[in-house]
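Student: I am new to this structure. Please take me through one part of it closely, and show me how that part sits among the rest.

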Amino acid sequence: MKWSLRIARFAGIDVFVHWTFVLLITWILLTNLGAGRSLAESLWSIWFVLSLFVCVVLHEFGHALTGRRYGVKTKNIVLLPIGGVANMEKMPEKPIQELWVALAGPAVNVVIAAIIGAILFAQGKMQLPADPSGAINTGNFMFNLFVVNLWLVIFNMIPAFPMDGGRVLRALLAMRYDKVKATNIAAKLGQILGIGFIGFGLFTTSGWCLSAFLFSSARATKPVTNPPRPCCRATA
Ligand SMILES: [Zn+2]
């Protein structure tokens with residue numbers, strides 16, 4: 001992988017991290033220090049983001065290992081600042097198989113959230129931190145990791161390409177229509193959702209980013225002849 005560093009190999013699949021990841025870590029460090037936080041608190045934030053990306057890697061392995069059950073190889077998993085990508089050679093032919101492959105990623109985050117939630121509940125710490133947006137400390141760390149895993153599920157299940165939800169939708173449609181028509185409907189819905197998020201984006205930066213991401217991705221998905229690129233994304 002060009003401009004990427006191999007950091008792990010599991011089940012025969014290499015995990016790469018793209019060099020731009022350094023920019024993300026630097027940005028987090030500088031914004032934390034710039035906000036007047038101590039070096040220790042800033043390092044906690046970085047540790048939190050790295051933990052989040054471990055969850056993203058596990059999400060991608062959910063796709064990859066489920067795909068393998070259906071004979072689909074995954075060339076590698078790449079971590080980018082916006083999330084992870086499992087570079088699968090193709091998507092399974094049968095809609096039911098595509099459905100399981102698409103659902104497997106978010107399902108991993110459901111399991112992680114359930115485990116963290118159970119631990120927090122057992123410890124009597126299942127409550128909002130006093131300052132959820134404040135510095136990430138040991139008290140907030142696990143709760144925030146619980147919350148972001150739930151967000152990963154919600155975000156990825158948005159029914160628009162290239163999100164997992166778009167693939168789930170297409171797989172469900174493909175059970176009723178042919179694949180091209182199913183792809184067209186799912187891609188169109190992605191564009192409509194992208195426009196919808198522009199309204200939401202008038203109020204928040206993340207809304208702008210999301211709408212631009214969905215809209216451009218849905219357009220990039222060539223709807224007429226080619227199915228979408230055979231990869232899956234999980235964005236942080
Ligand atoms: Zn995914």
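Tutor: What follows is a close look at helix α5 and its surroundings.

Keep in mind that this is a predicted model. Start with the overall layout. The protein has seven helices and five strands. Along the sequence they come in the order β-β-α-α-β-β-α-α-α-α-α-β. Buried residues account for 36% of the 236 residues. Contacts often span long stretches of chain. Take those between residues at least 6 apart in sequence: 62% of them join residues at least 24 apart.

Now go to α5. This helix covers residues 164–174. Is α5 mostly buried or exposed? Nine of its 11 residues are buried, so the rest of the structure largely encloses this helix. The buried ones are D164, G165, G166, R167, V168, L169, R170, A171 and A174. To count as buried, a residue needs 20 or more other C-beta atoms within 10 Å of its own.

Which residues of α3 does α5 meet? On the α3 side they are P95, E98, L99, A102, L103, G105 and P106. On the α5 side they are D164, R167, V168, A171, L172 and A174. By class, this contact has nine nonpolar, one polar and three charged residues.

Next, the geometry of the pair. The axes of α3 and α5 come within 8 Å. They cross at roughly 160 degrees. Angles over 145 degrees count as roughly antiparallel, so α3 is roughly antiparallel to α5. The crossing is left-handed.

Follow the chain out of α5. R176 lies in the loop between α5 and α6. Is R176 buried or exposed? R176 has 10 other C-beta atoms within 10 Å, so it is exposed. Residues count as exposed at 12 or fewer. R176 also leads back to α3, through P95, one of the α3 residues that meet α5. R176 and P95 are 81 residues apart along the chain, yet their C-alpha atoms are separated by 9.7 Å.

Now widen the view to the largest nonpolar core. It holds 43 residues. V57, I77, V78 and L79 touch the most other members. Which elements give two or more residues to this core? They are β2, α2, β3, β4, α3, α4, α5 and α6. So α5 and its partner α3 are both on that list. The largest share, eight residues, comes from α3.

Look at I77 in more detail. Set aside its neighbours within four places in sequence. I77 is then in contact with I13, V15, V57, E60, A64, G84 and A86. V57 appears here again, as another of the four residues that touch the most other core members.

Two loop residues complete the tour. I82 sits in the loop between β3 (74–80) and β4 (83–88). I82 has 15 C-beta neighbours inside 10 Å, so it counts as partly exposed. I82 and L24 are 58 residues apart in sequence, but 9.2 Å apart from C-alpha to C-alpha. The other residue is A11, in the loop between β1 (4–10) and β2. A11 is not a glycine, yet its phi is positive, at about 55 degrees. A11 counts as exposed because it has 9 C-beta neighbours inside 10 Å.

Back to α5, then. This helix is largely enclosed, runs roughly antiparallel to α3, and gives two or more residues to the largest nonpolar core.

Notes:
Residues are numbered from 1 along each chain as its sequence is written. This is a predicted model: local features need pLDDT of at least 70, side-chain atom pairs count only at pLDDT 80 or more; totals for chains, interfaces and linings use all residues. Helices (H or I, at least four residues) and strands (E, at least two) are DSSP runs, numbered from the N terminus. A nonpolar core is a set of buried Ala, Val, Leu, Ile, Met, Phe, Trp, Tyr and Cys residues joined through C-beta atoms within 7 Å. Two residues are in contact if their C-beta atoms, placed from the backbone, lie within 7 Å. Axes are lines fitted to C-alpha atoms, for helices over the stretch in contact, and angles run from 0 to 180 degrees between N-to-C directions. Angles under 35 degrees count as roughly parallel, over 145 as roughly antiparallel, 65 to 115 as roughly perpendicular and the rest as oblique. A crossing is left-handed if the near helix is turned anticlockwise from the far one by less than a right angle, and right-handed if clockwise. Ala, Val, Leu, Ile, Met, Phe, Trp, Tyr, Cys and Pro count as nonpolar, Asp, Glu, Lys and Arg as charged, and the others, Gly among them, as polar.
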